[in-house]
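Trainee: Could you take me through one part of this model slowly, beginning with a single residue and then widening the view to what surrounds it?

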Amino acid sequence: MLIRLLRRFLRGYWLVLVGVVLLQGVQALASLYLPDLNASVIDKGVLRGDTGYIERLGVVMLVVTAVQLAFSIGAVYLGSRVSMGLGRDVRRDLFRQVTGFSAQEVNRFGAPSLITRITNDVQQVQMLVLMTSTLAVAAPVTAVGGLVLALRQAPSLSWLLAVSLPVLVAGLVVIVSRMVPQFRFMQERIDGVNRVLREQITGIRVVRAFVREPEETHRFGTVNDGLTATSLRAGRLMAVMFPFVMLVINGSSVAVVWFGGDRIAAGDVTIGSLIAFLSYFTLILTSVMMATFVAVLTPRAAVSAERIGEVLDTAVSVRAPAVPRTVPSLAPLELRDVGFHYPGADAPVLTGVSFTAVAGQTMAVVGSTGSGKTTLVNLVARLIDVTSGAVLMGGVDIRELDPDLLWHRIGLIPQRAYLFSGTVRTNLEYGRPGAGDDELWEALRVAQAADFVAAMPGGLDAPIEQGGTNVSGGQRQRLAIARALVRRPDIYLFDDSFSALDVATDARLRAALRPYTSEAAVVVVAQRVSTIRDADQILVLDHGTPVRLGRHEELLASCPCYVEIVDSQRQERAA
Ligand SMILES: Nc1ncnc2c1ncn2[C@@H]1O[C@H](COP(=O)(O)OP(=O)(O)OP(=O)(O)O)[C@@H](O)[C@H]1O
Ligand SMILES: [Mg+2]
């Protein structure tokens, strides 16, 4: 998965990557050349007292160092560009994919996990690319080159390499193999912390009101400790790793000097060669460590890549057809024997629902709570797809339409009104971008929201907080209605949108709505009978099965279920 992800997202960066490799290669060669020069300076300059030679080679060393510096800066710069660009691209694609998700796919992952995947998991992959392009590319060149050059300088000391290298590698393997499983846990633990945090922060008022703070604190403490424990275990191993590497490097250096002294006395190694050998030795061991460091990041990035891939590979259930059909505006909406089954549920929520809503008429749906009204509205708006039967617009199955066309024709007022952070105006312009002030005010007047918006500081430009938490529930609902009115759609879908209004406001709103929506088809879902008694047709839903379709008076005469609802509400009023 990691490979696939990298191949997909690095495709646009291959030229830069070639640049990184070239820069790193030159940088590594320069760093390999330096000890060799140094050896010459000592053997041919210092020992013979040739100052001119020292100066000449000193300049060369300075130039080589400058080249090395410039090239490694260039490599880090390009590497950072690639990895940051990669992160941006993956996040962009993930975001696009997730915005295309229907409620079903979002539920499958859960919003907190999706957020972790888009932020933290992407960061892990990004980190791997950054480290690889800044550290790991040069490592093999340095290690192999260093090995060859070290052997050339002092073949009689090469057995030291044969001891140190295996010790280093074996130690690193032991440490890293213990670290990898911790990283696998880590992403899941981060998910857990995000999940609990999100639930508690969004539900903070409920937590307070029910004095659940101690329990919730405990619950957060548990997941938080879990993450800490995992990170600590990984961190401890990491903490052991660096001292271990330093120990091997320094121990080897002592050994090189120790045994090298004898060789110099014996005359088969020069002082310059010994110092060069020592430098190569350190270079080799550090590049092995760098490579290991990147190797440590790989499994964690692989886990993250898998989690990212899962999101990218999820087939979106609500999709546009290859060749979308079109329908004329104001086409009637028809439900033909519609059924819906939530995945994993025992029984279908809706079965055999049929009705037609035509322009200029009001179609009402009543039913007790949980009878499937919201599900029905979501099916019409194609937020989810029917599992049997069909929803038709102008005789065309809505699955054969471009979803954008469908959504432009529909004005949905969801049961739980949601407003976005911004101002009243930006929220209303969700209905139709570029709508004039007159249109906005008219919609607000119809929605019975003009008075309170006028009283807000700034009127149309009054700030709205995320979710609309700085206006009351009823105000939020009326703003959501105004937002749909601004759109002037062919079909209005009111999902229990009048429930948070008092009866008088409800009546005034409906009276104002009638002339405004006279051209359109209106579908009203409600629990309150007073809201829908004037509708042209009323569908009574009982546990997802349509019981009867008719006008108020007909239903009163023929539908015991409807009479029951009416009676219960009459008693409520009397009480
Ligand atoms: N995402 C879901 N997954 C599984 N079952 C669900 C889901 N959403 C709703 N249901 C089930 O579907 C049934 C109908 O829910 P729905 O929201 O359509 O009812 P409703 O008529 O709108 O109720 P209310 O009047 O309270 O708004 C409920 O019994 C509920 O348990
Ligand atoms: Mg509902």
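Mentor: Let us begin with Asp-490, which in this predicted model has a relative accessibility of 12% and therefore counts as buried, since a residue is called buried when that value is under 20%. Asp-490 sits in the loop that links helix H16 and strand E9, and, leaving aside residues up to four places away in sequence, Asp-490 touches Ser-329, Leu-330, Arg-409, Ala-520 and Ala-521. For Leu-330 there is a further detail, in that a polar atom of the Asp-490 side chain lies 2.8 Å from the backbone nitrogen of Leu-330.

Now consider the two elements that this loop joins. Helix H16, made of residues 473-487, lies across strands E6 and E9, and runs at about 175° to E6. Strand E9 covers residues 491-495 and is parallel to E6, with 4 bridges joining the two strands; within this pairing, Leu-412 has Leu-493 of E9 as its bridge partner.

Stepping back once more, we find E6 and E9 in an open sheet of 6 strands, whose order is E6-E9-E10-E3-E11-E12 and whose pairing is mixed. The edges of this sheet are formed by strand E6 (410-413) and strand E12 (545-550), and because each of them has a single partner strand, one side of each is left without a neighbour in the sheet. Across the sheet, neighbouring strands are turned against each other by 15° on average, if direction is ignored.

Notes:
Residues are numbered from 1 along each chain as its sequence is written. Chains are lettered from A and ligands numbered from 1 in the order in which they are written. This is a predicted model: local features need pLDDT of at least 70, side-chain atom pairs count only at pLDDT 80 or more; totals for chains, interfaces and linings use all residues. Side-chain values use heavy atoms; hydrogens and water are left out. Two strands pair if DSSP finds at least two bridges between them. Axes are lines fitted to C-alpha atoms, for helices over the stretch in contact, and angles run from 0 to 180 degrees between N-to-C directions. Contact means heavy atoms within 4.5 Å. Buried means under 20% relative accessible area, exposed over 50%, partly exposed in between (1.4 Å probe, protein chains only). A polar contact is a pair of N or O atoms within 3.5 Å; within protein, one must be able to donate a hydrogen and the other to accept it, and residues adjacent in sequence count only if both atoms are side-chain atoms.
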